[in-house]
Amino acid sequence: MSIKLTPRLMTAVPYVRGGRLVADIGTDHAYLPIYLCEQRRLSPVTAKNGETLCAIAADINRGPVERADQHIAEARLTQYIKTLQTDGLTGLDAYDPADIIIFGMGGELIASILEAAPWLKSAQYRLILQCQSKRPELRKWLYDHGFAIRRETLAQDGKFYYPVMEIVYAPVEHLSGAEYYIT
């Protein structure tokens, strides 16, 4: 199986660091983890729990996890990509993914997922985020909780454009109201 990513999903690829475990939250179909493995952007690493994996494809709903399992099996990557049915990042600290991708959700939902994972407050983690709505609210939440935007690009999906942000934990001074819109 050869995966072709949408231009929106493709914008995540340059942000992913090789040699680290990746988690795709809200994976839906696991196309991004499959693509990253097929393109050899990821190599197997030993997760915190001892499993050898390239990626974790997580979703809150059973249907998307079953679709992801099917696509991963078709790509013959079941030994390298683990699927989890979980709410946000719940339980992922047992694997300790270094790069965490959250695409296609609203800013408030992304903030609530991150808030429920205090273990992310470490410079070792890289968050790759693309929110569909409430961007200023997400930016404010990130800065208020010690996260900083390191890089940012735009993803196009049809006639819409969405920011893709590389986030790290690096507490900074408080921003002004306008700076939540543009950094």
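**Entry 1. Cysteines**

I began with a definition: a disulfide is a pair of cysteine sulfur atoms within 2.5 Å. The model I examined is a predicted one. I asked how many disulfides the structure holds, and found zero. I then looked up C54. Its sulfur lies 3.9 Å from the closest cysteine sulfur, that of C37, and this is too far for a bond. I recorded C54 as buried, with a relative accessible area of 3%. I also looked up C131, which is buried at 0% relative accessibility.

**Entry 2. The sheet**

I turned next to the strands. I found an open sheet of seven strands, in the order 5-4-1-6-7-9-8, with mixed pairing. Which strands form its edges? I noted strand 5 (81-85) and strand 8, each of which pairs on one side only. On average, neighbouring strands of this sheet are turned by 15° against each other, with direction ignored.

I then followed one pairing within the sheet. Strand 1 and strand 6 run in the parallel sense and are joined over four bridges. For V22 I looked up the bridge partner in strand 6, and it is D99.

**Entry 3. Helices 2 and 3 against the strands**

I asked across which strands helix 2 lies. I listed strand 1, strand 4 (55-59), strand 5 and strand 6, and I noted that helix 2 runs at about 170° to strand 5. Helix 3 lies across strand 4 and strand 5, and its angle to strand 5 is likewise given as about 170°.

**Entry 4. Helix 4**

For helix 4 (residues 107-115) I looked up the buried residues, which are G107, I110, A111, I113 and L114. Why do I place them on the same side of helix 4? They cover an arc of only 160° around the axis, and this puts them on one side. I then checked what these buried residues pack against, and recorded strand 6 (99-105), strand 7 (126-131) and helix 5 (135-144).

**Entry 5. Salt bridges**

A search of the whole structure gave me 10 salt bridges. I looked up three of these pairs in turn.

The side chains of R67 and D28 meet in a salt bridge at 2.6 Å, N to O. This pair links distant parts of the chain, 39 residues apart: R67 belongs to helix 3 (residues 62-74), whereas D28 belongs to the loop between strand 1 (22-25) and helix 2 (31-38). I noted R67 as partly exposed, with a relative accessible area of 37%. D28 is also partly exposed, at 29%.

R151 and E166 form another salt bridge, at 3.1 Å, N to O. R151 lies in strand 8 (residues 147-157) and E166 in strand 9 (residues 160-169), so the pair ties together parts that are 15 residues apart in sequence. Is E166 buried or exposed? I found it buried, at 6% relative accessibility. Its partner R151 is partly exposed, with a relative accessible area of 37%.

I then noted that salt bridges with shared partners join R62, E66 and D69 into one network. Within it, the side chains of R62 and E66 meet at 3.4 Å, N to O. Both residues lie in helix 3, four residues apart, about one turn of the helix. R62 is partly exposed, with a relative accessible area of 39%. E66 is partly exposed as well, at 47%.

**Entry 6. Positive phi**

I reviewed the backbone angles with a general point in mind: most residues other than glycine have a negative phi. I looked up A30, which has a positive phi of about 65° although it is not a glycine. A30 lies in the loop between strand 1 and helix 2. I recorded A30 as buried, at 0% relative accessibility.

D96 is another residue, not a glycine, that I noted with a positive phi, near 60°. Where is D96 found? I located it in the loop between strand 5 and strand 6. At 28% relative accessibility, D96 counts as partly exposed.

**Entry 7. P171**

I closed with P171, which is found in the segment after strand 9. Is P171 buried or exposed? I found P171 exposed, with a relative accessible area of 58%. I also looked up its separation from D93: the C-alpha atoms of these residues are 21 Å apart, and the two are 78 residues apart along the chain.

Notes:
Residues numbered from 1 in each chain as written. Predicted model: local features only at pLDDT ≥ 70, side-chain atom pairs only at ≥ 80, totals over all residues. Heavy atoms only, no water. Buried < 20%, exposed > 50% of the residue type's maximum accessible area, 1.4 Å probe, protein only. Helix = DSSP H or I, 4+ residues; strand = E, 2+ residues; numbered from the N terminus. Arc of directions from axis to C-beta. Contact = heavy atoms within 4.5 Å. Salt bridge = Lys/Arg side-chain N within 4 Å of Asp/Glu carboxyl O. Pairing = 2+ DSSP bridges. Axes fitted to C-alpha atoms, helices over the stretch in contact; angles between N-to-C directions.
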